[in-house]
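Colleague: I've got a few questions about how you label things in this model. Mind if I go through them one by one?
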Amino acid sequence: MLPVYLLHREVLAAYPYRSACPKSIWRNLISSARNEIVFAGYTNYFLWLEHPNLAKVLKRKAEQGCKIRFLIGDPDSEVTRRREEVENVPLTVSTRIRITLSEIE
């Protein structure tokens, strides 16, 4: 339980990059959500790696009435193609987006 003085704050912590955020925070945020969960990341690929049972958890949440939304990039867009050129890695941005799409189907 958070101290009372933190309960009314919108920002409780900030991290310089996503991987600096402890996995337990993601797990706690997801498990404690009751009404809505919104994932807004270009690929959200890391979720499936760090939380192997996430699809089952989200399905259960949705069955309990929690609204689940994913805002992700378009794997076929010009922005994605440019980002792939910049990153120049074997696991492409479009592939990571498609993995997320397949997980949420």
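Colleague: Which elements each supply at least two residues of the lining of the largest pocket?

Modeller: Bear in mind that this is a predicted model. The elements are α2 (23-32) and β1 (36-40). Of the two, α2 is the top contributor to the lining, with 6 residues.

Colleague: What makes a residue count as lining that pocket?

Modeller: A lining residue has an atom within 4 Å of a pocket grid point. The largest pocket, about 440 Å³ in volume, has 19 residues that line it, and Trp26, Leu29, Ile30, Val38 and Phe39 are the closest to its centre.

Colleague: How do you know which residues of the protein chain are buried?

Modeller: Buried means under 20% relative accessible area. By that cut-off, 26% of the 105 residues of the protein chain count as buried.

Colleague: What makes two residues a contact, and how many of the contacts span 24 or more positions?

Modeller: A contact needs heavy atoms within 4.5 Å. Taking contacts with a separation of 6 or more, 65% join residues 24 or more positions apart.

Colleague: Why are there 16 positive side chains in your count?

Modeller: Because Lys and Arg count as positive, while His is not counted, the protein chain comes out with 16 positive and 12 negative side chains. The centres of those two sets lie 9 Å apart.

Colleague: And what pattern does the protein chain follow along the sequence?

Modeller: The pattern is α-α-β-α-α-β-α-α, with 6 helices and 2 strands.

How values were computed. Residues are numbered from 1 along each chain as its sequence is written. This is a predicted model: local features need pLDDT of at least 70, side-chain atom pairs count only at pLDDT 80 or more; totals for chains, interfaces and linings use all residues. Side-chain values use heavy atoms; hydrogens and water are left out. Helices (H or I, at least four residues) and strands (E, at least two) are DSSP runs, numbered from the N terminus. Buried means under 20% relative accessible area, exposed over 50%, partly exposed in between (1.4 Å probe, protein chains only). The place of a charge is taken as NZ of Lys, CZ of Arg, CG of Asp or CD of Glu. On a 1 Å grid over the protein atoms alone, a cavity is a set of points where a 1.4 Å probe fits but cannot get out, and a pocket is an open set with protein on both sides within 12 Å along at least five of seven lines; lining residues have an atom within 4 Å of a point. Grid points are joined across faces, edges and corners, and a volume is the space filled by probe spheres set on the points.
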